[in-house]
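Reader: I am new to this structure. Please show me how to read it.

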Amino acid sequence: MESNDDIVKLGETAEPLGDGFYIIQRRDVYRFGSDAVALATFASKDIRRGFDVLDLCSGCGVVGILVAIATGARVLGAELDETLFDMSVRSVKLNGLCDVRFVNADLREVKRFYPNAENGIDPSRGAAENRNRFSAVVCNPPYYKSDSKPSAISPAANSELTVAFRDVAETAANSLGQGGAAYFVHTAGRLDEVLCECRALGLTPKKLIVNVNGKTFLLKCVKGGKSGLTVTTEEF
């Protein structure tokens, strides 16, 4: 059996997530922040054991891993960056998480990795509709437009160089079963665009939490949900 020293490579650290769980991090690649933790906490309030959850733009895997730890849900994550993907796979191994899987794939092609994700979805809607559908989607996407100045470290994780929010919302809508929920964290400057894209794709905004600093927000949308949005503020 591999030791922790074999799983965590030279130049990496295993940073604590609490309760004896860890996430592998490196200084020279994109590191998760408080927004990712806030997203995982936000989504975990609704997600239950047995749900199938899709984590888009999964990065180092922290959102999917935190959701799995908190809820016992099964998680499939998709990340295009090979370095971040490799770290996420080893973090799963480090924590002994049997129901978390990450794939190195463009989120627009993630369908080929889908499991049969029928649990947590209304069985009255029929097996044909529920097949390969998720109960929830979580995503901490790149915040800035492709023409913005990218960060020096892992620029595609910061700017839309490889994927736009429209792609994220479309994949979420196509992946969810009717009544399934999508959870996003994003920058406040793009709130109007995010709301419009979600509505256009059949994802009804239901809960919006604006960070008290006015810079970011958390959003829950329900596929095929009825209109009615609650708005609150919170520090995260």
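Author: Start with long-range contacts. Contact means heavy atoms within 4.5 Å. Among contacts between residues at least 6 apart in sequence, 61% join residues at least 24 apart.

Reader: What kind of model is this?

Author: This is a predicted model: local features need pLDDT of at least 70, side-chain atom pairs count only at pLDDT 80 or more, and totals for chains, interfaces and linings use all residues. Residues are numbered from 1 along each chain as its sequence is written, and side-chain values use heavy atoms, leaving out hydrogens and water.

Reader: What pLDDT does the chain average?

Author: pLDDT is the predictor's confidence in each residue, from 0 to 100. The chain averages 90, and 87% of the residues score at least 70. Over residues 117-129 the pLDDT is below 50. Beyond near neighbours in sequence, that stretch has 28 contacts in the model.

Reader: How many helices and strands does the chain have?

Author: Both are DSSP runs, numbered from the N terminus: helices are H or I, at least four residues, and strands are E, at least two. Here there are 8 helices and 10 strands.

Reader: Which residues touch the most other members of the largest nonpolar core?

Author: Nonpolar side chains tend to be buried together in soluble globular proteins. A nonpolar core is a set of buried Ala, Val, Leu, Ile, Met, Phe, Trp, Tyr and Cys residues joined through side-chain atoms within 4.5 Å. Buried means under 20% relative accessible area, with a 1.4 Å probe and protein chains only. The largest core holds 40 residues; Ile 47, Val 53, Val 63, Val 100, Tyr 183 and Leu 218 touch the most other members.

Conventions:
Buried means under 20% relative accessible area, exposed over 50%, partly exposed in between (1.4 Å probe, protein chains only).
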